[in-house]
Amino acid sequence: VVPHVTLSEHGSLADRQAVGRQAPEYLPISARASHVWMMSNERRPGEWSIVKIFPLGTTPLAQQNDQLS
């Protein structure tokens with residue numbers, strides 16, 4: 001799974017460029033996912049909506065970490 005993050009869609013070009021310059025300081029983001037969303041904008045162009053949610057399986061290491069939490 002390759003995660004995606006949108007940093008900016010609005011604002012001036014200068015503001016978006018500033019976000020892009022500052023982003024590496026905060027990336028990568030560490031996280032654990034339990035599910036993924038399939039999203040589409042076919043129903044309403046310009047608006048994304050969740051089409052389906054897929055649960056993710058667990059690995060023995062993830063199960064072990066969950067027991068430690």
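Valine 19 sits in helix 1, which spans residues 13-22. In this predicted model, valine 19 comes out partly exposed, at 31% relative accessibility. Val19 also belongs to a nonpolar surface patch of about 580 Å², together with Val5, Leu7, Tyr26, Leu27 and Ile29. Here's a quick tour of the rest, from the overall layout down to single residues.

**Overall layout**
- The protein has 2 helices and 2 strands, and along the sequence they run α-β-β-α.
- Helix 1 covers residues 13-22, strand 1 takes in 35-40, strand 2 goes from 49 to 55, and helix 2 is 60-68.
- Among contacts with a separation of 6 or more, 10% are between residues 24 or more positions apart.

**Surface and burial**
- Just how much of the chain is buried? Of the 69 residues, 4% count as buried.
- The exposed area is about 6600 Å², and 56% of that is supplied by carbon and sulfur atoms.
- Leu27, a member of the nonpolar patch along with Val19, is also one partner in an unusual backbone link, covered next.

**The cis peptide**
- Leucine 27 and proline 28 are joined by a cis peptide bond, with omega at about 0°.
- As a rule, most peptide bonds are trans.
- Where does proline 28 sit? Proline 28 is in the loop between helix 1 and strand 1.

**Serine 40, in strand 1**
- Serine 40 falls within strand 1 (residues 35-40).
- Is serine 40 buried or exposed? It counts as buried because its relative accessibility is 18%, and the cut-off for buried is under 20%.
- The serine 40 side chain reaches the backbone nitrogen of glutamate 42, at 3.0 Å.
- Skipping neighbours within four places in sequence, serine 40 touches Glu47, Trp48, Ser49 and Val51.

**The salt bridge**
- How many salt bridges does a search of the whole structure find? There's 1.
- It pairs the side chains of arginine 44 and glutamate 47, with an N to O distance of 3.6 Å.
- Arginine 44 is exposed, at 55% relative accessible area, whereas glutamate 47 is partly exposed, at 47%.
- Glu47 is also one of the residues in contact with serine 40.

**Isoleucine 50, in strand 2**
- Isoleucine 50 belongs to strand 2, residues 49-55.
- It's partly exposed, with a relative accessible area of 37%.
- Which residues does isoleucine 50 contact once neighbours within four places in sequence are set aside? They are Trp37, Met38 and Met39.
- Valine 36 is 14 residues from isoleucine 50 in sequence, and their C-alpha atoms are 10.0 Å apart.

**Glycine 57, in a loop**
- Glycine 57 lies in the loop between strand 2 and helix 2.
- Glycine 57 counts as exposed, since its relative accessibility is 70% and the exposed class starts over 50%.
- How do glycine 57 and serine 34 compare in sequence and in space? They're 23 residues apart along the chain, while C-alpha to C-alpha the gap is 7.6 Å.

Technical notes:
Residues numbered from 1 in each chain as written. Predicted model: local features only at pLDDT ≥ 70, side-chain atom pairs only at ≥ 80, totals over all residues. Heavy atoms only, no water. Salt bridge = Lys/Arg side-chain N within 4 Å of Asp/Glu carboxyl O. Buried < 20%, exposed > 50% of the residue type's maximum accessible area, 1.4 Å probe, protein only. Helix = DSSP H or I, 4+ residues; strand = E, 2+ residues; numbered from the N terminus. Contact = heavy atoms within 4.5 Å. Areas by Shrake-Rupley, 256 points an atom, 1.4 Å probe, with all protein chains shown as cover. Patch = residues over 30% accessible without salt bridge, like charges linked within 9 Å, V, L, I, M, F, W, Y side chains within 5 Å. Polar contact = N/O pair within 3.5 Å; in protein donor to acceptor, adjacent residues only side chain to side chain.
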